[in-house]
Amino acid sequence: MGNINKSIYGVILGVALSSHAFATDWQAKLYTLQDFVLPYEIYKPVVKQKVPLIIHLHGSGEAGTDNKAQLYLGKNIGPDYFSSDAIQKIQKAYVLAPQTPKNIRWANTTLAPYDFKNTPSTKSMSALLNLIDQLIKQNPMIDPNRIYMTGLSRGGQGVWNAALQRPDFFAAIVPIAGSASVKDVGIINALPIWAFHGDADEVTKVEYTRELIDALIRSGGSTNTIRYTEVQDGTHESSWKTAFQNEQLYHWMITHKKAL
């Protein structure tokens, strides 16, 4: 009887471990561009047809070189949200979670707006954009017409920056509590954008996103493709908790596909 119980326990334990492994099926890797090393984790679904690639850029609190903090595991934020069973059941997708070191941001040297045309690409962003190109080439199941990017705080700033660097590359972007160059943002006014910001944000001023959205619309952008959610009484953290609180964001994101 004891042996049978042990056998049953072993089976149950094996199933539990397999389930856990599937839920956190991430591969840790490194990408090197010249002298810069970009740690990243990638989630690869098992698919038989082309699916989207979603890139999530972390905030300052997850910066570093451990190649783990940027996953937000157990928090249902960013990569953890997109790789969850609930989201993957809606639409399977590759998920890319890169990590930048604490001293190198995705875009500018601070969270404040900056002059895009006179600000060189950071080592982190240059490496990331090259990595994305490589992943698309190496993984034939990634649909190049469904590349989405989202990010929060310094990552939100990075999302704006990536889109400005490649205005015709992404199918849709979701910048959260970020900033960018107001005078240059008009070049992406045809891109589907859903921005989030808390109106009581104590880290990144809400005026940064308000001015960007206003500039997008004034330059010819349409409210059919440009959305802005401002969280009433929302702190810095409230913006991404609102964005990832349910499946609505993902449903919106995957409705967009880059024109052939």
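How much of the accessible surface of the chain belongs to carbon and sulfur atoms? In this predicted model, the accessible surface comes to about 12100 Å², and 53% of that surface belongs to carbon and sulfur atoms.

**View 1. The whole chain, with its 8 helices and 8 strands.** The C-alpha trace spans about 75 × 45 × 40 Å along its principal axes. For 260 residues, a compact globule would have a radius of gyration near 18 Å, and the value for the chain, 19 Å, agrees with this. Of the 260 residues, 52% count as buried, and among contacts between residues at least 6 apart in sequence, 72% join residues at least 24 apart.

**View 2. Arg146 in strand E5, which covers residues 142-152.** Arg146 counts as buried because its relative accessible area is 14%, which is under the 20% cut-off. The side chain of Arg146 makes a polar contact of 2.8 Å with the side chain of Asp143. When neighbours within four places in sequence are left aside, the residues in contact with Arg146 include Lys50, Pro52, Gln91, Ala171 and His256.

**View 3. Helix H6, made of the 13 residues 206-218.** At 1.5 Å a residue helix H6 should span 18 Å, and its end C-alpha atoms are indeed 18 Å apart. The buried residues of H6 are Val206, Tyr208, Thr209, Leu212, Ile213, Ala215 and Leu216. An α-helix has 3.6 residues a turn, so residues three or four places apart point the same way. The cover over the buried residues of H6 includes helix H5 together with strands E7 and E8.

**View 4. Gly220, just after helix H6.** Here Gly220 takes a positive phi of about 115°.

Note on methods:
Residues are numbered from 1 along each chain as its sequence is written. This is a predicted model: local features need pLDDT of at least 70, side-chain atom pairs count only at pLDDT 80 or more; totals for chains, interfaces and linings use all residues. Side-chain values use heavy atoms; hydrogens and water are left out. Helices (H or I, at least four residues) and strands (E, at least two) are DSSP runs, numbered from the N terminus. Buried means under 20% relative accessible area, exposed over 50%, partly exposed in between (1.4 Å probe, protein chains only). A polar contact is a pair of N or O atoms within 3.5 Å; within protein, one must be able to donate a hydrogen and the other to accept it, and residues adjacent in sequence count only if both atoms are side-chain atoms. Contact means heavy atoms within 4.5 Å. The expected span of a helix is 1.5 Å times one less than its number of residues. The radius of gyration is taken over C-alpha atoms; the globule rule is 2.2 Å times the number of residues to the power 0.38. Accessible areas come from the Shrake-Rupley method with a 1.4 Å probe; for residues, only the protein chains shown count as cover.
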